[in-house]
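Here are my notes on the model you sent over. I've kept them as numbered points so you can reply to each in turn.

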Amino acid sequence: MDTDMHYLQLLSQSFPNIAEASTEIINLEAIMNLPKGTEHFLADLHGESEAFQHVLKNASGNIKRKVNELFGNDIRESEKKELCTLIYYPEQKLELIKAQETDLDDWYRITIHQLVKVCRDVSSKYTRSKVRKSLPEDFSYIIEELLHESLSDSDKAAYVSVIVNTIISTGRADDFIVAICNVIQRLAIDQLHILGDIYDRGPGAHKIMDTLRQYHSWDIQWGNHDILWMGASAGNNACICNVLRLCLRYANLATIEEYGINLVPLATFALDTYGDDPCEEFMPKVLADNQQLDEKTSLLTARMHKAITVIQLKEEATVFHRHPEWKMDDRCLFDSIDYERGICRINGKDYEMKSCHFPTIDPASPNTLTAEEKDLMDKLHHSFRISEKLHKHIRTLLSHGCMYTVTNSNLLFHASIPLCDDGSLKEVEIYPGQRYSGKALMHNIGMMIRAAFESGVDKELQVFPRDYARDFFLYLWCGKDSPLFDKSKMATFERYFLKDKETYKEEKGNYFKLRDSAEICDRILDAFEVKGNVRHIINGHVPVHASKGENPIKAGGRLMVIDGGFSEAYHSETGIAGYTLVYHSRGFQLVQHEPFTSARDAIVRETDIKSTTQIVEMSAHRMLVADTDKGEELRTQVADLKKLLYAYRHGILKEKRS
């Protein structure tokens, strides 16, 4: 009772009397009866910033759906396309329209009324207070008036018309259209969930992070590629090498350059060390037509690629030897090469090398860095550690992210939950003597990741030592029992250096073998204490091969895999350009996207991403806020406020003037 009284006294500071407590109860009860906000799920963006921006702007087709519902056959298809494109790219589309339109004032008048109608629809599931907070300061009052008045009301028709005409006559039409289009984009999605892998392959991860830093409400479940960049930022040299290797492999250095990472020392070292090496196995994979490299640039990139790969494998071996408990010594394959014969022995079998040109390797101590390699790594380490923009983005990932999330009866994580052969949750040792499975495993890995960035913390308060946590990023990237990897091995060495393609095979872990089972998915959902009659696991990581008939809906609807290949590197495998998921008040819709051409095409030719919507699950009734986790929170708040009312009315607490 003392605890309750202490809490009620604190609550009374916010609601000092019966009138204010009652008003808040009325407000919360009303909010619970609004339709559930729309959630948007994306995964495996892999630096494809233009496609990401477009999917964000069109809310995976949600805005187009609303425009079709609102206007039906009242306006032509071409007009609907123009309206949608205007909503997605208002500044750019306005410039094109103004250059072509003969009666601009009339176009402004019609378009503003159409935009107000769309904005009224997307704002209808929110309180006036929440809508007001999303409005731009310059037009807050005007938009609010237009949203709550209508031309159909004869008493207000002239009032509305004068507002619109005055916007046009004062030369503010362009600014108003841009403002209301941004409000529509903002209100179309209530919560954005990113299921990992913002980084690597594509050129615009930094642009995605800049967008997310400004986004109104989002969370991320870290992916293996995010963890790699986090490890590099924390100063893990093996992660730094992996980051650079992947950037060089796909000839995508834009993000590295944006973060101010100086690659001149690497280029100089590569030319000095591998200047006579054709580096055929290291030629960059150029994905976009506009990214074609000339021969000289390709060769330099390949030599830098080989240089950092050799250093990476040495750095990894050093960490693996430092942590025998990880049981990854078998991945130190420079130890297994017969350098004279050009043979590598793996599991008692000899494999022929593609080439055996390793000028920086001493066969007597193959994993030791040369003086020049060590000097290079010191410079690269320093460059990553002092990058202010990189650290700002990594702090954003830390503040918005975790290994998993449970929200509205959905369990979100990037890749897998380690399982034993029989489908039971597997215990994984993440620190000597500390073994965890399921929810505890994911939670403690999250604690480990954060420990790598803690500075000035009392060592007695640290759950995991900072140096160990920094090393552990490498295990998360390529460790057999890592929930972000979950394969038998990462065959980096084999793919670059061995001829026999059988050695390239990476056997997937039990989660990927057993996830089609409804029983297994229910077991995982139970372990994470996911409540609700209809529960789901939602993850990405492994591209869905739609072209081969693979279904992203698995285990009788309990599991949804939404990585269909945002990255251009996967398009030839998947046949599509990714899945996204929309969860609105009427249920789940899975959206399958075709490859995105460019923002310019979208603006000039009005080519939206061609998408196919699959209704996964529709609710028997329209879901309300009361049916969500937020509703549970609000019910608790209402119960507490009712206790406060009781205390006021029975003299237990005295009312105060507000």
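1. Is Glu69 buried or exposed? Bear in mind that this is a predicted model. Glu69 has a relative accessibility of 54%, and because the cut-off for exposed is over 50%, Glu69 counts as exposed. Its salt-bridge partner is Arg65, with 3.1 Å from N to O. Arg65 comes out as partly exposed, at 25% relative accessibility. Both sit in helix α4 (residues 62–71), four residues apart, which puts about one helical turn between them. As background, an α-helix has 3.6 residues a turn, so residues three or four places apart point the same way.

2. Overall shape, for orientation. The protein chain holds 27 helices and 17 strands. Its radius of gyration is 28 Å against the 26 Å that the globule rule gives for 658 residues, so the chain is as compact as a globular protein of that length. If you're setting up a box, the C-alpha trace spans about 95 × 75 × 45 Å along its principal axes. The accessible surface is about 29,400 Å², and carbon and sulfur atoms account for 47% of that.

3. Burial and contact range. Of the 658 residues in the protein chain, 55% are buried. Take the contacts between residues at least 6 apart in sequence: 71% of those join residues at least 24 apart.

4. The main core. The largest nonpolar core has 184 residues, and the members touching the most others are Ile87, Ile198, Ile449 and Phe493. Helix α11 (residues 173–188) gives the most to this core, with 11 residues. Apart from it there is another core, of 18 residues, including Leu8, Leu11, Ala21 and Met32.

5. Ile198 and its surroundings. What does Ile198 contact once neighbours within four places in sequence are left aside? The list is Leu45, His46, Gly47, Ala205, Ile208, Met209, Leu212, Ile220, Asp226 and Leu397. Right beside it in the numbering, Asp197 has a phi near 65 degrees, a positive value in a residue other than glycine. For context, most residues other than glycine have a negative phi. Asp197 is placed in the loop between β2 (191–194) and α12, and at 1% relative accessibility it counts as buried.

6. A second positive phi. Ser409 also has a phi near 65 degrees, again a positive value in a residue other than glycine. Ser409 belongs to the loop between β8 (404–407) and β9 (410–413).

7. Helix α20. This helix covers residues 438–451, 14 residues in total, and reaches 20 Å from its first C-alpha to its last, close to the 20 Å expected at 1.5 Å a residue. Its buried residues include Leu441, Ile445, Met448 and Ile449. Ile449 is the one already listed among the core members that touch the most others.

8. Salt bridges between helices. The count comes to 37 salt bridges. In one of them, Asp174 pairs with Lys98, the closest N and O atoms being 2.5 Å apart. Asp174 lies in helix α11 and Lys98 in helix α6 (residues 90–100), so the pair ties together parts that are 76 residues apart in sequence. Asp174 counts as buried at 17% relative accessibility, while Lys98 is partly exposed at 32%.

9. A link across a longer stretch of sequence, and a network. The side chains of Asp210 and Lys389 also meet in a salt bridge, at 3.2 Å from N to O. Here Asp210 is in helix α12 (residues 205–214) and Lys389 in helix α19 (residues 388–400), so the bridge connects parts 179 residues apart in sequence. Asp210 is partly exposed, with 30% relative accessibility. Elsewhere, Asp338, Arg341, Arg345 and Asp350 are joined into one network by salt bridges that share partners.

10. A buried arginine. Where does Arg331 sit? It is in the loop between α17 (295–322) and β4 (337–338). Arg331 has a relative accessible area of 15%, and because buried means under 20%, Arg331 counts as buried. Not counting residues up to four places away in sequence, Arg331 touches Phe320, Lys489, Met490, Ala491 and Glu494.

Technical notes:
Residues are numbered from 1 along each chain as its sequence is written. This is a predicted model: local features need pLDDT of at least 70, side-chain atom pairs count only at pLDDT 80 or more; totals for chains, interfaces and linings use all residues. Side-chain values use heavy atoms; hydrogens and water are left out. Helices (H or I, at least four residues) and strands (E, at least two) are DSSP runs, numbered from the N terminus. The expected span of a helix is 1.5 Å times one less than its number of residues. Buried means under 20% relative accessible area, exposed over 50%, partly exposed in between (1.4 Å probe, protein chains only). A nonpolar core is a set of buried Ala, Val, Leu, Ile, Met, Phe, Trp, Tyr and Cys residues joined through side-chain atoms within 4.5 Å. Contact means heavy atoms within 4.5 Å. A salt bridge is a side-chain nitrogen of Lys or Arg within 4 Å of a carboxyl oxygen of Asp or Glu. The radius of gyration is taken over C-alpha atoms; the globule rule is 2.2 Å times the number of residues to the power 0.38. Accessible areas come from the Shrake-Rupley method with a 1.4 Å probe; for residues, only the protein chains shown count as cover.
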